[in-house]
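Open the model in your viewer and set it to show side chains as sticks. The stops below go from enclosed space to open space, and then to single residues and pairs.

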Amino acid sequence: MVTPEKPGGVRASEVRTPRLRHHVLFSGDGDGPVVVFVHGNLSTARFFEQDLAALPGGYRGIAADLRGFGHSEAAPVDAVRGVRDFADDLAELLTSPAAGGAGRVHLVGWSLGGGVAMQYAIDHPASVASVTLLASMSPAGFGGTRDAAGTLCHEDGAGSGGGGVAPGLIEALTAGDSGAENSFAPRPTLRSLYLKPPFRLPPDREDLLVAEILLTALGNDNYPGDSRPSPHWPGVAPGTHGVNNSISPLYCDLSEFAEVATRIPVLWVHGDSDAIVSDQSMVDFGHLGEIGAVPGWPGDEYPPQPMVTQLRAMLTRAVAGGGNVTEEVFTDCGHSPHLEQPEKFRELLVRFVDANS
(Lines give C-alpha, C1' and ligand atoms only; values in the text may rest on other atoms or scores of the structure.)
Protein backbone atom coordinates (compact mmCIF):
# COMPACT_ATOMS: atom_id res chain seq x y z
CA MET A 1 0.00 0.00 0.00
CA VAL A 2 1.48 3.35 -1.03
CA THR A 3 0.47 6.27 1.18
CA PRO A 4 0.71 9.94 0.22
CA GLU A 5 3.15 12.40 1.70
CA LYS A 6 1.95 14.91 4.26
CA PRO A 7 0.29 18.03 2.83
CA GLY A 8 2.41 21.09 2.21
CA GLY A 9 3.22 23.05 5.34
CA VAL A 10 2.73 20.09 7.68
CA ARG A 11 5.87 18.80 9.33
CA ALA A 12 6.39 15.79 11.60
CA SER A 13 8.63 15.69 14.65
CA GLU A 14 9.48 13.39 17.53
CA VAL A 15 9.13 15.12 20.88
CA ARG A 16 10.30 13.52 24.11
CA THR A 17 8.84 14.57 27.44
CA PRO A 18 9.28 12.91 30.84
CA ARG A 19 6.02 11.00 30.28
CA LEU A 20 6.18 9.95 26.64
CA ARG A 21 7.90 9.90 23.27
CA HIS A 22 5.37 11.78 21.11
CA HIS A 23 4.99 11.78 17.34
CA VAL A 24 3.64 15.23 16.49
CA LEU A 25 2.46 17.07 13.40
CA PHE A 26 2.96 20.84 13.31
CA SER A 27 1.81 23.54 10.90
CA GLY A 28 2.26 27.29 10.73
CA ASP A 29 4.73 29.50 12.52
CA GLY A 30 2.80 32.65 13.30
CA ASP A 31 1.97 34.28 16.61
CA GLY A 32 -1.79 33.95 16.16
CA PRO A 33 -4.15 31.31 17.55
CA VAL A 34 -2.78 27.85 18.39
CA VAL A 35 -5.19 25.06 17.45
CA VAL A 36 -4.57 21.63 18.97
CA PHE A 37 -6.29 18.66 17.32
CA VAL A 38 -6.83 15.52 19.42
CA HIS A 39 -7.71 12.38 17.49
CA GLY A 40 -10.07 9.58 18.45
CA ASN A 41 -9.83 5.87 19.16
CA LEU A 42 -8.27 3.72 16.42
CA SER A 43 -6.90 6.74 14.58
CA THR A 44 -3.89 9.09 14.58
CA ALA A 45 -2.88 12.71 14.09
CA ARG A 46 -2.86 12.16 10.31
CA PHE A 47 -6.66 12.10 10.36
CA PHE A 48 -6.25 15.88 10.92
CA GLU A 49 -3.31 16.62 8.60
CA GLN A 50 -5.45 18.31 5.94
CA ASP A 51 -7.05 20.50 8.61
CA LEU A 52 -3.59 21.47 9.85
CA ALA A 53 -2.55 22.40 6.32
CA ALA A 54 -5.68 24.49 5.78
CA LEU A 55 -5.31 26.73 8.86
CA PRO A 56 -5.12 30.45 7.99
CA GLY A 57 -1.86 32.36 7.89
CA GLY A 58 -0.67 33.34 11.36
CA TYR A 59 -2.23 30.28 12.99
CA ARG A 60 -0.22 27.42 14.44
CA GLY A 61 -1.51 23.86 14.44
CA ILE A 62 -0.50 20.89 16.59
CA ALA A 63 -1.71 17.29 16.40
CA ALA A 64 -0.04 14.44 18.27
CA ASP A 65 -0.53 10.69 18.15
CA LEU A 66 -1.92 9.67 21.53
CA ARG A 67 -0.02 7.02 23.48
CA GLY A 68 -0.37 3.64 21.83
CA PHE A 69 -1.49 5.10 18.51
CA GLY A 70 0.40 5.93 15.35
CA HIS A 71 4.11 6.47 15.93
CA SER A 72 3.94 7.65 19.54
CA GLU A 73 5.28 5.43 22.31
CA ALA A 74 3.00 2.55 23.29
CA ALA A 75 3.10 3.43 26.96
CA PRO A 76 0.46 1.60 29.04
CA VAL A 77 -2.87 3.26 29.76
CA ASP A 78 -3.98 3.28 33.41
CA ALA A 79 -7.72 3.08 32.84
CA VAL A 80 -8.60 3.69 36.48
CA ARG A 81 -7.56 7.31 35.82
CA GLY A 82 -10.16 7.62 33.06
CA VAL A 83 -8.65 9.57 30.14
CA ARG A 84 -6.18 11.46 32.35
CA ASP A 85 -3.14 9.60 30.99
CA PHE A 86 -3.91 11.09 27.57
CA ALA A 87 -4.69 14.54 28.99
CA ASP A 88 -1.53 14.58 31.11
CA ASP A 89 0.55 13.57 28.08
CA LEU A 90 -0.95 16.46 26.15
CA ALA A 91 -0.26 18.91 28.97
CA GLU A 92 3.44 17.99 29.02
CA LEU A 93 3.67 18.22 25.26
CA LEU A 94 2.05 21.67 25.09
CA THR A 95 4.33 23.08 27.79
CA SER A 96 7.49 21.63 26.19
CA PRO A 97 9.93 23.82 24.23
CA ALA A 98 8.98 21.89 21.08
CA ALA A 99 5.47 23.35 21.27
CA GLY A 100 6.98 26.83 21.09
CA GLY A 101 5.16 28.28 24.07
CA ALA A 102 1.68 27.31 22.99
CA GLY A 103 0.07 29.46 25.69
CA ARG A 104 -3.75 29.43 25.66
CA VAL A 105 -4.85 26.91 23.06
CA HIS A 106 -7.98 26.15 21.10
CA LEU A 107 -8.67 22.44 21.57
CA VAL A 108 -10.41 20.33 18.92
CA GLY A 109 -11.28 16.86 20.20
CA TRP A 110 -12.77 14.17 17.98
CA SER A 111 -14.62 11.21 19.54
CA LEU A 112 -12.30 9.88 22.28
CA GLY A 113 -10.32 13.08 21.69
CA GLY A 114 -13.36 15.06 22.81
CA GLY A 115 -13.12 13.32 26.17
CA VAL A 116 -9.40 14.11 26.34
CA ALA A 117 -10.12 17.76 25.49
CA MET A 118 -12.76 17.95 28.22
CA GLN A 119 -10.40 16.40 30.79
CA TYR A 120 -7.60 18.77 29.74
CA ALA A 121 -9.93 21.77 30.15
CA ILE A 122 -11.05 20.52 33.56
CA ASP A 123 -7.44 20.20 34.72
CA HIS A 124 -5.98 23.29 32.95
CA PRO A 125 -8.83 25.78 32.38
CA ALA A 126 -6.57 28.83 32.37
CA SER A 127 -4.64 27.47 29.37
CA VAL A 128 -7.71 26.82 27.19
CA ALA A 129 -9.16 29.54 24.97
CA SER A 130 -11.95 27.39 23.50
CA VAL A 131 -13.02 23.78 23.05
CA THR A 132 -14.47 22.28 19.88
CA LEU A 133 -16.14 18.93 20.51
CA LEU A 134 -16.14 17.06 17.20
CA ALA A 135 -18.45 14.03 17.26
CA SER A 136 -17.34 13.80 20.87
CA MET A 137 -17.85 10.91 23.23
CA SER A 138 -20.32 11.37 26.06
CA PRO A 139 -19.15 12.83 29.39
CA ALA A 140 -20.48 9.57 30.88
CA GLY A 141 -17.99 7.49 28.92
CA PHE A 142 -18.82 4.78 26.43
CA GLY A 143 -21.26 1.95 27.15
CA GLY A 144 -23.11 0.71 30.19
CA THR A 145 -25.24 3.73 31.19
CA ARG A 146 -28.97 4.20 30.99
CA ASP A 147 -30.09 7.83 31.15
CA ALA A 148 -29.18 11.47 30.56
CA ALA A 149 -27.43 11.61 33.93
CA GLY A 150 -25.14 8.69 33.02
CA THR A 151 -26.44 6.23 35.61
CA LEU A 152 -24.70 2.85 35.40
CA CYS A 153 -26.83 -0.06 34.22
CA HIS A 154 -24.84 -2.29 36.60
CA GLU A 155 -22.38 -1.40 39.33
CA ASP A 156 -19.50 -3.23 37.63
CA GLY A 157 -19.88 -1.29 34.36
CA ALA A 158 -21.00 -4.42 32.49
CA GLY A 159 -20.96 -4.02 28.73
CA SER A 160 -18.32 -1.29 28.68
CA GLY A 161 -14.55 -1.45 28.37
CA GLY A 162 -12.03 -3.66 26.63
CA GLY A 163 -14.12 -6.81 26.52
CA GLY A 164 -16.78 -5.18 24.38
CA VAL A 165 -14.69 -5.01 21.19
CA ALA A 166 -15.57 -7.50 18.46
CA PRO A 167 -12.95 -10.30 18.40
CA GLY A 168 -12.98 -10.11 14.61
CA LEU A 169 -11.66 -6.55 14.73
CA ILE A 170 -8.79 -7.53 17.03
CA GLU A 171 -7.94 -10.45 14.74
CA ALA A 172 -7.93 -8.16 11.70
CA LEU A 173 -5.72 -5.60 13.43
CA THR A 174 -3.34 -8.30 14.60
CA ALA A 175 -3.11 -9.69 11.08
CA GLY A 176 -2.57 -6.23 9.56
CA ASP A 177 -5.60 -6.75 7.33
CA SER A 178 -5.87 -3.74 4.99
CA GLY A 179 -8.37 -5.35 2.63
CA ALA A 180 -12.07 -4.82 2.10
CA GLU A 181 -13.32 -8.43 2.22
CA ASN A 182 -13.45 -8.94 6.00
CA SER A 183 -16.24 -6.77 7.42
CA PHE A 184 -14.36 -6.49 10.73
CA ALA A 185 -11.16 -5.16 9.15
CA PRO A 186 -10.18 -1.47 9.37
CA ARG A 187 -11.15 -0.56 5.79
CA PRO A 188 -14.81 -1.69 6.00
CA THR A 189 -14.96 -0.27 9.53
CA LEU A 190 -13.75 3.11 8.25
CA ARG A 191 -16.29 3.06 5.44
CA SER A 192 -19.30 1.96 7.47
CA LEU A 193 -18.75 3.42 10.95
CA TYR A 194 -16.38 6.40 10.70
CA LEU A 195 -18.18 7.67 7.59
CA LYS A 196 -21.79 7.61 6.43
CA PRO A 197 -22.20 5.31 3.42
CA PRO A 198 -22.10 5.73 0.50
CA PHE A 199 -19.55 8.49 1.11
CA ARG A 200 -16.01 7.35 0.28
CA LEU A 201 -12.67 9.04 0.67
CA PRO A 202 -10.34 9.23 -2.34
CA PRO A 203 -8.49 5.90 -2.66
CA ASP A 204 -5.07 7.24 -1.66
CA ARG A 205 -6.54 9.00 1.35
CA GLU A 206 -8.42 5.88 2.41
CA ASP A 207 -5.25 3.82 2.03
CA LEU A 208 -3.38 6.25 4.28
CA LEU A 209 -5.98 6.21 7.05
CA VAL A 210 -6.29 2.43 6.99
CA ALA A 211 -2.50 2.18 7.33
CA GLU A 212 -2.64 4.59 10.27
CA ILE A 213 -5.30 2.52 12.03
CA LEU A 214 -3.09 -0.54 11.63
CA LEU A 215 -0.34 1.18 13.65
CA THR A 216 -2.45 0.81 16.82
CA ALA A 217 -0.64 -0.90 19.71
CA LEU A 218 -2.64 -3.98 20.72
CA GLY A 219 -2.96 -5.74 24.07
CA ASN A 220 -4.18 -5.36 27.61
CA ASP A 221 -2.16 -2.19 28.23
CA ASN A 222 -3.30 -0.41 25.08
CA TYR A 223 -6.08 -1.33 22.63
CA PRO A 224 -8.56 -2.52 23.63
CA GLY A 225 -7.48 -3.30 27.20
CA ASP A 226 -8.22 -6.12 29.62
CA SER A 227 -11.61 -7.31 30.84
CA ARG A 228 -13.23 -9.45 33.50
CA PRO A 229 -16.36 -11.57 33.58
CA SER A 230 -19.62 -10.13 34.85
CA PRO A 231 -22.76 -11.82 36.19
CA HIS A 232 -24.73 -9.18 34.31
CA TRP A 233 -25.60 -9.08 30.60
CA PRO A 234 -23.68 -9.11 28.32
CA GLY A 235 -21.32 -11.03 30.60
CA VAL A 236 -18.21 -8.84 30.46
CA ALA A 237 -17.02 -5.90 32.58
CA PRO A 238 -14.07 -3.53 32.24
CA GLY A 239 -10.61 -4.32 33.47
CA THR A 240 -8.19 -1.70 34.74
CA HIS A 241 -5.83 -1.14 31.78
CA GLY A 242 -6.08 -0.02 28.18
CA VAL A 243 -7.83 2.62 26.14
CA ASN A 244 -11.35 1.18 26.01
CA ASN A 245 -11.42 0.74 29.77
CA SER A 246 -10.31 4.36 30.15
CA ILE A 247 -13.60 5.43 28.59
CA SER A 248 -15.74 3.04 30.64
CA PRO A 249 -18.20 4.95 32.84
CA LEU A 250 -16.77 2.95 35.73
CA TYR A 251 -13.73 5.25 35.59
CA CYS A 252 -14.54 8.07 33.17
CA ASP A 253 -16.70 10.91 34.48
CA LEU A 254 -16.36 14.23 32.65
CA SER A 255 -19.44 15.89 34.15
CA GLU A 256 -17.24 18.55 35.77
CA PHE A 257 -16.78 20.01 32.29
CA ALA A 258 -20.25 21.55 32.65
CA GLU A 259 -18.83 24.01 35.18
CA VAL A 260 -15.65 24.64 33.16
CA ALA A 261 -17.77 25.36 30.09
CA THR A 262 -19.46 28.24 31.88
CA ARG A 263 -16.15 30.09 31.36
CA ILE A 264 -14.70 28.53 28.18
CA PRO A 265 -16.56 28.83 24.84
CA VAL A 266 -17.61 25.50 23.34
CA LEU A 267 -18.44 24.54 19.77
CA TRP A 268 -20.15 21.16 19.42
CA VAL A 269 -20.08 19.75 15.88
CA HIS A 270 -21.61 16.38 15.04
CA GLY A 271 -23.26 14.55 12.18
CA ASP A 272 -26.93 13.66 12.07
CA SER A 273 -26.09 10.08 11.03
CA ASP A 274 -23.25 9.22 13.43
CA ALA A 275 -23.12 5.42 13.86
CA ILE A 276 -20.60 5.51 16.74
CA VAL A 277 -21.61 8.38 19.05
CA SER A 278 -25.38 8.22 18.99
CA ASP A 279 -28.42 7.45 21.09
CA GLN A 280 -28.63 4.32 18.90
CA SER A 281 -24.92 3.57 18.52
CA MET A 282 -23.99 0.59 16.37
CA VAL A 283 -21.17 -0.25 18.77
CA ASP A 284 -23.19 -0.01 22.00
CA PHE A 285 -24.40 -3.24 23.58
CA GLY A 286 -27.70 -1.67 24.66
CA HIS A 287 -28.65 -0.80 21.10
CA LEU A 288 -27.19 -3.97 19.60
CA GLY A 289 -29.23 -6.02 22.06
CA GLU A 290 -32.34 -4.01 21.29
CA ILE A 291 -32.09 -4.78 17.57
CA GLY A 292 -31.32 -8.47 18.17
CA ALA A 293 -27.66 -8.37 17.14
CA VAL A 294 -26.53 -9.59 20.58
CA PRO A 295 -28.65 -12.35 22.15
CA GLY A 296 -30.15 -12.30 25.62
CA TRP A 297 -30.88 -8.58 25.82
CA PRO A 298 -32.63 -7.90 29.17
CA GLY A 299 -34.71 -4.98 27.88
CA ASP A 300 -35.23 -1.99 30.15
CA GLU A 301 -32.53 -3.28 32.50
CA TYR A 302 -29.98 -2.35 29.83
CA PRO A 303 -31.28 0.29 27.39
CA PRO A 304 -29.21 1.88 24.63
CA GLN A 305 -26.82 4.50 26.01
CA PRO A 306 -28.19 7.95 25.13
CA MET A 307 -24.77 9.37 24.27
CA VAL A 308 -25.88 12.50 22.41
CA THR A 309 -28.58 13.18 25.00
CA GLN A 310 -25.96 12.92 27.77
CA LEU A 311 -23.61 15.38 26.11
CA ARG A 312 -26.43 17.78 25.33
CA ALA A 313 -27.67 17.63 28.93
CA MET A 314 -24.21 18.52 30.24
CA LEU A 315 -23.81 21.42 27.81
CA THR A 316 -27.30 22.64 28.67
CA ARG A 317 -26.16 22.89 32.29
CA ALA A 318 -23.19 24.95 31.12
CA VAL A 319 -25.48 27.35 29.25
CA ALA A 320 -27.72 27.66 32.31
CA GLY A 321 -24.61 28.72 34.24
CA GLY A 322 -23.79 31.44 31.70
CA GLY A 323 -21.71 29.41 29.27
CA ASN A 324 -21.31 30.11 25.55
CA VAL A 325 -22.14 26.86 23.72
CA THR A 326 -22.86 26.55 20.00
CA GLU A 327 -24.19 23.32 18.52
CA GLU A 328 -23.85 22.60 14.81
CA VAL A 329 -25.40 19.45 13.35
CA PHE A 330 -24.14 18.48 9.89
CA THR A 331 -26.82 16.87 7.76
CA ASP A 332 -26.13 13.66 5.84
CA CYS A 333 -22.93 13.20 7.86
CA GLY A 334 -21.53 10.41 10.00
CA HIS A 335 -18.89 10.27 12.72
CA SER A 336 -16.25 12.33 10.88
CA PRO A 337 -17.46 15.81 9.86
CA HIS A 338 -13.85 16.90 9.22
CA LEU A 339 -13.43 14.11 6.67
CA GLU A 340 -16.92 14.10 5.16
CA GLN A 341 -17.59 17.85 4.94
CA PRO A 342 -14.12 19.35 5.44
CA GLU A 343 -14.65 22.81 3.95
CA LYS A 344 -17.76 23.42 6.02
CA PHE A 345 -16.02 22.19 9.16
CA ARG A 346 -12.91 24.31 8.63
CA GLU A 347 -14.88 27.46 7.90
CA LEU A 348 -16.93 26.92 11.06
CA LEU A 349 -13.85 26.19 13.17
CA VAL A 350 -11.88 29.23 12.00
CA ARG A 351 -14.84 31.53 12.55
CA PHE A 352 -15.23 30.15 16.08
CA VAL A 353 -11.52 30.41 16.89
CA ASP A 354 -11.30 33.96 15.51
CA ALA A 355 -14.27 35.00 17.64
CA ASN A 356 -12.64 33.63 20.79
CA SER A 357 -9.00 34.68 20.31
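**Stop 1: the largest cavity**

Select L20, H22, A64, D65, L66, R67, F86, D89, L90 and L93; in this predicted model these residues line the largest cavity. The space inside is about 60 Å³. By class, the lining has six nonpolar residues, one polar and three charged. Helix α2, residues 84-94, is the element that gives the most to this lining, with four residues. In total, the structure holds three cavities of 30 Å³ or more.

**Stop 2: a salt bridge in the cavity lining**

Keep two of those lining residues, R67 and D89, on screen. Their side chains meet in a salt bridge, with 2.7 Å from N to O. Which parts of the chain does the pair link? D89 belongs to helix α2, while R67 sits in the loop between β4 (60-64) and α2, and the two are 22 residues apart. D89 counts as buried because its relative accessibility is 4%. R67 is also buried, at 7% relative accessibility. Now add R19, R81, D85 and D88 to the selection: together with R67 and D89 they form one network, joined by salt bridges that share partners.

**Stop 3: two other salt bridges**

The structure holds 18 salt bridges. Select E49 and R46 for one of them, where the N to O distance is 2.8 Å. Both E49 and R46 are buried.

Go next to E14 and R16, whose side chains form a salt bridge at 3.3 Å, N to O. Are these residues buried or exposed? E14 has a relative accessibility of 47%, so it counts as partly exposed. R16 is exposed because its relative accessible area is 63%.

**Stop 4: S246**

Select S246, which is found in helix α7, residues 243-246. Its relative accessibility is 0%, so S246 counts as buried. What does the side chain of S246 reach? Draw a distance to the backbone oxygen of V243, and it should read 2.6 Å. Then show the contacts of S246 with residues more than four places away in sequence: V77, A79, G82, V83, F86 and C252. Two of these residues appear at other stops: F86 is part of the lining of the largest cavity, and C252 is part of the lining of the second largest pocket.

**Stop 5: the second largest pocket**

From C252, extend the selection to P139, A140, A148, A149, G150, P249, D253, S255, Q310, M314 and R317, which complete the lining of the second largest pocket. The volume of this pocket is about 180 Å³. Seven of the lining residues are nonpolar, three are polar and two are charged.

**Stop 6: the largest pocket**

Centre the view on V165, L169, L193, Y223 and V283, which lie nearest the centre of the largest pocket among its 34 lining residues. Two elements give two or more residues to this lining, α5 (186-194) and α9 (285-290). The largest share comes from α5, with four residues. The pocket holds about 900 Å³ of space. Its lining divides into 18 nonpolar residues, 15 polar and one charged.

**Stop 7: G163 and Q280**

Select G163, in the loop between β6 (128-134) and α4 (167-175). At 27% relative accessibility, G163 is partly exposed. Leaving out residues up to four places away in sequence, G163 touches D226, S227 and V236. For a distance check, pick the C-alpha atoms of G163 and N244: they are 8.5 Å apart in space, and the residues are 81 apart in sequence.

Finish with Q280, in the loop between β11 (266-271) and α9. Q280 counts as partly exposed because its relative accessible area is 46%. How far apart are Q280 and R191 in space? The C-alpha to C-alpha distance is 18 Å, across a sequence separation of 89 residues.

Terms used. Residues numbered from 1 in each chain as written. Predicted model: local features only at pLDDT ≥ 70, side-chain atom pairs only at ≥ 80, totals over all residues. Heavy atoms only, no water. 1 Å grid on protein atoms, 1.4 Å probe; cavity = no way out; pocket = protein on both sides within 12 Å on 5 of 7 lines; lining within 4 Å. Points joined across faces, edges and corners; volume = space filled by probe spheres on them. Nonpolar A, V, L, I, M, F, W, Y, C, P; charged D, E, K, R; others polar. Buried < 20%, exposed > 50% of the residue type's maximum accessible area, 1.4 Å probe, protein only. Polar contact = N/O pair within 3.5 Å; in protein donor to acceptor, adjacent residues only side chain to side chain. Contact = heavy atoms within 4.5 Å. Salt bridge = Lys/Arg side-chain N within 4 Å of Asp/Glu carboxyl O.
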